[in-house]
Amino acid sequence: MGTPSPSVRAKVLFTHGDRDGTCPISSARQAYRELPAAKAFLTFRGAGHSNYFGDSRTVNTFVDWMRWSLYGDTAARDRLRADATSSTTTWESALS
């Protein structure tokens with residue numbers, strides 16, 4: 001995935017299926033490890049490349065991530081874990 005520049009500061013949300021045959025999750029996990037906070041990773045267990053796009057957890061997490069990232073909405077930030085959590089997902093975050 002390359003070496004991220006330390007001068008670029010952006011809040012980054014990864015949404016990924018752990019059975020993605022197009023972009024292996026290992027590549028996305030490497031990029032996640034290399035980036036500074038604020039960052040989050042929502043994994044859909046058993047999902048492929050895009051079959052989770054219409055899932056309410058994807059939509060709710062994305063909308064709240066953007067509300068927080070773009071507008072500083074701390075209530076939206078505080079909803080992220082609940083947005084993303086289910087028996088078939090894993091949420092990891094380093095928020096600042």
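Trainee: Where is the place of Phe62?

Mentor: Happy to start there, bearing in mind that this is a predicted model. Phe62 joins Val59 and Val63 in a nonpolar surface patch of about 250 Å². As for its place, Phe62 sits within residues 56–71, which form helix α2.

Trainee: Is Phe62 buried, partly exposed or exposed?

Mentor: Let's use the cut-offs: buried means under 20% relative accessible area, and exposed means over 50%. Phe62 has a relative accessible area of 47%, so the residue counts as partly exposed.

Trainee: Which strands stand at the edges of the sheet?

Mentor: Good one! The sheet is open, with 3 strands in the order β1-β2-β3 and mixed pairing. An edge strand here has a single partner, so one side is left without a neighbour in the sheet; that describes β1 (12–17) and β3 (89–94).

Trainee: In which sense do β1 and β2 pair, parallel or antiparallel?

Mentor: In general, strands of a sheet pair through backbone hydrogen bonds in either sense. In this pairing, Gly17 stands opposite Phe44 in β2. Over 6 bridges, the sense of β1 and β2 is parallel.

Trainee: At about what angle does α1 run to β2?

Mentor: Picture α1 lying across β1, β2 and β3. Helix α3 (residues 74–84) also packs on the sheet, touching β2 and β3, and its direction makes about 155° with that of β3. For α1 against β2, the angle is about 160°.

Trainee: Which peptide bond is cis, with omega near 10°?

Mentor: Look in the loop between α1 (25–34) and β2 (39–44), where Ala38 has its place. The cis bond leads into that residue, running from Ala37 to Ala38.

Definitions and conventions:
Residues are numbered from 1 along each chain as its sequence is written. This is a predicted model: local features need pLDDT of at least 70, side-chain atom pairs count only at pLDDT 80 or more; totals for chains, interfaces and linings use all residues. Side-chain values use heavy atoms; hydrogens and water are left out. Helices (H or I, at least four residues) and strands (E, at least two) are DSSP runs, numbered from the N terminus. Patches are made of residues with over 30% relative accessible area and no salt bridge: like charges are joined within 9 Å, nonpolar side chains (Val, Leu, Ile, Met, Phe, Trp, Tyr) within 5 Å. Accessible areas come from the Shrake-Rupley method with a 1.4 Å probe; for residues, only the protein chains shown count as cover. A salt bridge is a side-chain nitrogen of Lys or Arg within 4 Å of a carboxyl oxygen of Asp or Glu. Buried means under 20% relative accessible area, exposed over 50%, partly exposed in between (1.4 Å probe, protein chains only). Two strands pair if DSSP finds at least two bridges between them. Contact means heavy atoms within 4.5 Å. Axes are lines fitted to C-alpha atoms, for helices over the stretch in contact, and angles run from 0 to 180 degrees between N-to-C directions.
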